[in-house]
Amino acid sequence: MIRSSFSSSLAFTALIFFTAISSALASTEERLAKIYEMRTSSYAILSGFYMLRALEGDLRYSHDIDAKIKLFERSLEEFNQIENPKSVASGPMKTDWQKYKQLVDSNRAELLSQGYSNINQVNQLEDKLVTLNANLVQNYNALIEADESLVNKWTQQSRDMTLIIRIITAEYAARSSPNAAGQVYVSKFNVGGLEKQAKEFNRLLSLFTNAPSNDKAVNKTIKQIGVKWAFIEKSVTNFNQNAVPFIVSSYSQKITNNLKVIGDYYATKK
């Protein structure tokens with residue numbers, strides 16, 4: 001009787017222990033996902049600003065900026081609400097975000113009221129984006145450092161590809177918009193330029209041919225990404241020949257949606 005009671009107690013303790021570990025891992029995975037959402041939102045906001053400038057105040061992009069700001073802030077709030085087993089501080093991220101948002105709002109207001117934006121203010125906007133993302137990357141790496149298996153390989157690849165397409169869209173939109181005083185645009189957030197990012201996207205896309213999947217819908221989605229990317233790739237890599245910011249922005253969003261489907265699918269596979 002005593003032995004049976006001891007065994008039951010030991011089994012219960014083990015269950016509590018493994019449940020706690022599972023909960024901690026799940027919490028960390030959730031926090032990683034929120035950081036990723038914040039990164040993609042931050043680039044989408046900049047892309048929206050440059051599209052607003054390129055298409056001379058088309059308010060659909062101002063509305064899109066507002067939507068992405070709300071998404072970033074919701075992700076940050078949810079990040080802070082998730083149990084924090086590895087104690088990653090969100091204070092610096094919040095501070096960088098507030099400064100970035102302030103610059104977004106001031107640049108957008110100036111653009112909408114005057115029809116142009118101050119080059120120095122825009123440079124500050126890009127500088128703060130770089131700082132914000134460096135902080136987000138540092139926190140992402142700190143969470144994943146102890147256990148690289150936290151994120152499925154193919155989910156991580158879909159995230160990497162989404163970030164690339166967001167960066168490409170932002171720079172493409174920036175290059176399509178009027179530059180103050182004839183300034184030659186040099187991106188601060190995309191070291192290496194459009195061609196380098198396009199090559200990396202192609203490399204990662206080719207790797208998806210080895211992704212394990214018996215799901216016809218997922219395989220079809222991967223093929224759709226290839227088709228959509230092929231439609232805009234030449235425009236991206238040969239920017240000076242024919243700038244088509246609306247088309248690149250539109251197809252990039254479709255590719256991003258497809259990549260989310262793939263990332264979510266593989267996130268359930270361990």
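This is a dialogue on how to read the features of the structure above, which is a predicted model.

Biologist: Before looking at single residues, I would like the overall picture; how many helices and strands are there in the chain?

Modeller: The chain has eight helices and zero strands, and, read along the sequence, the pattern is α-α-α-α-α-α-α-α. Of the 270 residues in the chain, 45% are buried.

Biologist: How should I read a single helix, and what span should helix H3 have?

Modeller: The rise for each residue gives an expected span, which can then be set against the distance between the end C-alpha atoms. Helix H3 covers residues 91-114, and because each of its 24 residues counts for 1.5 Å, the helix should span 34 Å; the end C-alpha atoms are 35 Å apart, which agrees.

Biologist: Which residues of H3 are buried?

Modeller: The general idea to keep in mind is that an α-helix has 3.6 residues a turn, so residues three or four places apart point the same way. In H3 the buried residues are Met93, Asp96, Trp97, Tyr100, Leu103, Val104, Asn107, Arg108 and Leu111. Thr95, which is also found in helix H3, has a relative accessible area of 36% and is therefore partly exposed. The C-alpha atoms of Thr95 and Leu132 are 8.8 Å apart in space, although the two residues are 37 residues apart in sequence.

Biologist: What follows H3?

Modeller: Gly115 follows H3, and the phi of Gly115 is positive, near 90°.

Biologist: Turning to charged side chains, how many salt bridges does a search of the whole structure find?

Modeller: A salt bridge is read from the distance between a side-chain nitrogen of Lys or Arg and a carboxyl oxygen of Asp or Glu, which must be within 4 Å; the search of the whole structure finds 13 salt bridges. One of these joins Lys34 and Glu78, with the closest N and O atoms 2.6 Å apart. This pair links distant parts of the chain, since Lys34 is in helix H1 and Glu78 is in helix H2, 44 residues apart.

Biologist: Are Lys34 and Glu78 buried or exposed?

Modeller: The cut-off for buried is under 20% relative accessible area. Lys34 has 16% relative accessibility, so Lys34 counts as buried, whereas Glu78, with a relative accessible area of 28%, is partly exposed.

Biologist: What distance separates N and O in the salt bridge of Asp127 and Lys188, and where do these residues lie in the chain?

Modeller: The side chains of Asp127 and Lys188 meet at 3.2 Å, N to O. This pair also links distant parts of the chain: Asp127 is in helix H4 (residues 119-144), Lys188 is in the loop between H5 and helix H6 (193-207), and the two are 61 residues apart. Asp127 counts as partly exposed at 35% relative accessibility, and Lys188 counts as partly exposed at 34%.

Biologist: Where do the partners Lys199 and Glu195 lie?

Modeller: Both lie in helix H6, four residues apart, about one turn of the helix, and their closest N and O atoms are 3.8 Å apart. Lys199 is exposed, with a relative accessible area of 55%, while Glu195 counts as partly exposed at 47%. Elsewhere, salt bridges that share partners join Asp66, Lys101, Asp105 and Arg108 into one network.

Biologist: How is empty space found, and what is the volume of the largest pocket?

Modeller: Rolling a probe the size of a water molecule over the atoms shows where empty space is left. Here the largest pocket has a volume of about 600 Å³. The pocket is lined by 28 residues, of which Ala33, Tyr36, Glu37, Lys260 and Asp264 lie nearest its centre. The elements that give two or more residues to this lining are helix H1 (2-54), helix H2 (59-81), helix H5 (153-176) and helix H8 (245-267), and the largest share, nine residues, comes from H1.

Biologist: On the surface, which residues make the nonpolar patch of about 280 Å²?

Modeller: Phe231, Phe246 and Ile247 make this nonpolar surface patch, and the place of Phe231 is in helix H7 (residues 216-237). Asn219 also lies in helix H7 and counts as partly exposed at 31% relative accessibility. The C-alpha atoms of Asn219 and Phe208 are separated by 9.2 Å, and the two residues are eleven residues apart along the chain.

Key: Residues are numbered from 1 along each chain as its sequence is written. This is a predicted model: local features need pLDDT of at least 70, side-chain atom pairs count only at pLDDT 80 or more; totals for chains, interfaces and linings use all residues. Side-chain values use heavy atoms; hydrogens and water are left out. Patches are made of residues with over 30% relative accessible area and no salt bridge: like charges are joined within 9 Å, nonpolar side chains (Val, Leu, Ile, Met, Phe, Trp, Tyr) within 5 Å. Accessible areas come from the Shrake-Rupley method with a 1.4 Å probe; for residues, only the protein chains shown count as cover. The expected span of a helix is 1.5 Å times one less than its number of residues. Buried means under 20% relative accessible area, exposed over 50%, partly exposed in between (1.4 Å probe, protein chains only). On a 1 Å grid over the protein atoms alone, a cavity is a set of points where a 1.4 Å probe fits but cannot get out, and a pocket is an open set with protein on both sides within 12 Å along at least five of seven lines; lining residues have an atom within 4 Å of a point. Grid points are joined across faces, edges and corners, and a volume is the space filled by probe spheres set on the points.
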